[in-house]
Number of protein chains: 2
Amino acid sequence: MDQPKVAHADEAGAGAPFLDALAGHPTEQVPVWFMRQAGRSLPEYRALRGAGSILEALRHPDLAAEITLQPVRRYGVDAAILYSDIIVPVHAAGFGMDIVPGRGPVAEHPFRESADLARLSRFSAAEDCEYVASTVKLVAAESPVPLIGLAGAPFTVASYLIEGEPSRSFVRTKQLMHQEPGLFGALCERLVAMTVDFLAMQAGAGAQALQIFDSWVGALSEREYRRFVLPHMKEILARTSELGLPAILFGTNTNHLLGTLAETGARAIGLDFRTAIPVAVQRLGEATAVQGNLDPTICLCSYDVLEREARAVLEESRAARAYVFNLGHGVLPETDPGKLAALVEFVHDQGTAIRRDEVL
Amino acid sequence: MDQPKVAHADEAGAGAPFLDALAGHPTEQVPVWFMRQAGRSLPEYRALRGAGSILEALRHPDLAAEITLQPVRRYGVDAAILYSDIIVPVHAAGFGMDIVPGRGPVAEHPFRESADLARLSRFSAAEDCEYVASTVKLVAAESPVPLIGLAGAPFTVASYLIEGEPSRSFVRTKQLMHQEPGLFGALCERLVAMTVDFLAMQAGAGAQALQIFDSWVGALSEREYRRFVLPHMKEILARTSELGLPAILFGTNTNHLLGTLAETGARAIGLDFRTAIPVAVQRLGEATAVQGNLDPTICLCSYDVLEREARAVLEESRAARAYVFNLGHGVLPETDPGKLAALVEFVHDQGTAIRRDEVL
């Protein structure tokens with residue numbers, strides 16, 4: 001097993017550039033991690049995981065902790081992110097979810113009416129997801145870098161419950177939202193409570209930052225976001241703030257929502273690859289840290305293209321006072337791990353000079 | 001067969017509010033039409049069409065003209081849009097495309113290398129798509145409202161050729177773009193020439209406006225759009241402008257590209273449902289007309305919700321001097337035609353008063 005490439009303090013996270021950036025500070029070195037760095041494209045992951053459902057794998061803390069740590073060792077990234085899935089709490093609550101390979105999260109009986117709320121009523125993170133706390137503890141004890149805990153945001157999780165499968169148009173979700181706003185609100189309130197409970201457990205077990213995935217919220221207009229989503233997000237972020245942990249909020253296609261996303265109180269916003277960082281900073285305000293946003297497709301191109309585009313992202317990041325390098329969406333499964341390792345090295349070696357506009 | 005609800009001048013299009021709006025003028029009545037109004041959700045369409053490929057149906061001008069006119073009769077919309085598909089020219093060129101029901105455009109042998117350019121070299125709209133000109137002539141002779149001709153934009157058509165099937169991540173397209181920019185450029189130049197030829201034929205046959213569908217271009221960053229797409233779009237729009245016809249440019253997820261889209265020279269920009277119209281006007285400038293942008297999902301909600309949301313769109317449209325009401329993407333197949341008819345009536349009856357902020 002390789003030694004981690006990153007220098008680390010005695011206590012994981014103390015003086016970590018990743019946490020400094022989330023606290024709003026410029027950092028000496030540009031911190032970098034990758035969404036979906038754990039699993040998927042790593043051969044050591046595929047060797048370890050074998051077949052079987054991810055939901056089953058997550059119930060084994062040794063396995064989940066090892067998968068979480070693999071990319072830290074191989075890439076030398078500045079943060080570990082928990083190997084998990086955003087449907088873990090609703091699955092653990094007994095809603096009847098599965099993750100079908102090549103298809104995604106599927107609900108046996110989608111959410112249709114108020115009676116379905118009862119199917120989410122019996123959830124306690126400590127009782128139903130104790131294995132997640134165990135995984136977090138194992139990783140926190142071993143990781144040379146801070147661990148990011150995670151959860152799905154109410155809109156995105158609700159969309160899986162309501163649609164019953166991955167969707168492009170979110171027809172049923174929007175119908176419920178507009179035609180039964182009371183029921184949609186009650187569902188989101190329930191999901192807020194579950195999410196806060198789930199994140200608090202991860203914080204208590206040793207996570208040092210949180211990322212909240214509202215991956216599909218870009219399907220809403222700003223008017224819809226303000227009315228149906230923002231209050232719930234404010235509640236979640238107020239509660240995570242009480243935990244003392246910085247939270248990153250990520251979604252795709254959110255260019256039109258950025259001003260509103262900043263109002264949630266998230267410490268950082270994860271940008272997808274569409275939004276130019278200077279434009280984002282203008283809309284988010286300078287107090288919000290920025291994370292992103294190299295197109296994951298670029299990691300499937302040649303090293304030349306990869307370096308040129310990574311450089312362009314770093315140049316754009318000059319507009320952001322506090323900045324974390326990342327992809328603009330998850331690592332694509334067919335990505336060559338060598339490319340990601342080279343990318344981390346490039347960001348660490350040259351990121352700061354590029355951000356300072358020093359000619360190299 | 002119902003009489004068209006719209007009053008019309010002796011010559012179709014003379015004094016038509018739709019064309020006035022595209023010319024940049026405020027109109028007495030708010031013009032309205034729907035993307036995908038022809039086909040899909042209309043029972044009279046399904047009765048007429050039967051099974052078989054849309055590409056085969058399009059070869060029958062009587063049939064295609066009738067399908068084009070059906071929504072004009074039923075809804076009283078202010079424009080007809082040609083029943084067609086954006087892959088018609090590449091299909092007619094013999095590239096080997098098909099439209100697979102429930103899946104979309106599929107290429108038998110995707111575009112991979114410069115030798116594949118030869119597979120697009122033999123295209124003449126007049127020779128290979130004569131049936132389209134015949135359809136346009138039939139519609140133009142019979143339609144009480146202006147006919148919109150259409151074509152796909154180079155990026156979106158190229159993505160179908162390169163991916164070989166509908167894609168969410170456009171990995172191969174972006175790889176080719178970044179790694180073989182010369183080849184990608186040559187492909188786009190070929191598609192520009194075909195598109196201009198195809199649109200000129202429709203203009204010559206009687207189309208009075210054009211819509212160019214760059215449906216998936218929102219998958220690019222602004223940097224990519226400027227480098228790989230904008231020059232080709234400028235060329236197309238300069239050439240269509242020489243035809244004397246106004247052109248509308250439409251794409252989804254283009255919020256981050258709006259300022260750049262205005263630089264193409266399009267007379268109007270079709271907005272998807274994500275972008276608030278006042279924001280769009282700010283980025284597009286006042287000289288560009290705006291078309292859009294009710295979420296098509298709303299047409300699957302109750303009349304109450306439909307009217308409330310249509311009103312909100314019309315209120316937002318006050319920011320646009322010249323405006324055409326439309327959906328923010330195509331009509332969903334499961335849409336009740338009665339809802340669309342009611343929507344046209346609402347826009348015609350109350351649109352102007354709402355835009356003038358007169359209390360109703």
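How many salt bridges does the rule find across the interface of chain B and chain A? The legends below take up this question on a predicted model.

**View 1. Salt bridges and polar contacts link chain B and chain A.** The rule finds 6 salt bridges across this interface. In one of them, the side chain of Glu309(B) meets that of Arg223(A), with 2.9 Å from N to O. Polar contact joins 14 residue pairs across the interface, both partners being at pLDDT 80 or more.

**View 2. Three helices of chain B each give two or more residues to the side that touches chain A.** These are H9 (171–179), H11 (222–242) and H14 (303–316) of chain B. The most comes from H14(B), which gives 6 residues. By residue type, the side of chain B that touches chain A holds 12 nonpolar, 12 polar and 13 charged residues.

**View 3. The contact draws on 37 residues of chain B and 36 residues of chain A.** Together the two chains bury about 3,000 Å² between them, and carbon and sulfur atoms give 47% of that area. Look for Arg168(B), Arg223(B) and Arg274(B): they supply 21% of the area that chain B buries against chain A, more than any other three residues.

**View 4. A turn of 180 degrees lays chain B on chain A.** The shift along the axis is 0.0 Å, and the fit has an RMSD of 0.0 Å. This is the relation of a two-fold axis. Of the interface residues of chain B, 97% are also interface residues in chain A, so the copies meet through the same surface.

Definitions and conventions:
Residues are numbered from 1 along each chain as its sequence is written. Chains are lettered from A and ligands numbered from 1 in the order in which they are written. This is a predicted model: local features need pLDDT of at least 70, side-chain atom pairs count only at pLDDT 80 or more; totals for chains, interfaces and linings use all residues. Side-chain values use heavy atoms; hydrogens and water are left out. Contact means heavy atoms within 4.5 Å. Buried area is the accessible area (1.4 Å probe) that two parts lose on being put together, summed over both. A salt bridge is a side-chain nitrogen of Lys or Arg within 4 Å of a carboxyl oxygen of Asp or Glu. A polar contact is a pair of N or O atoms within 3.5 Å; within protein, one must be able to donate a hydrogen and the other to accept it, and residues adjacent in sequence count only if both atoms are side-chain atoms. Helices (H or I, at least four residues) and strands (E, at least two) are DSSP runs, numbered from the N terminus. Ala, Val, Leu, Ile, Met, Phe, Trp, Tyr, Cys and Pro count as nonpolar, Asp, Glu, Lys and Arg as charged, and the others, Gly among them, as polar. Copies are superposed by least squares on the C-alpha atoms of residues with pLDDT of at least 70 in both.
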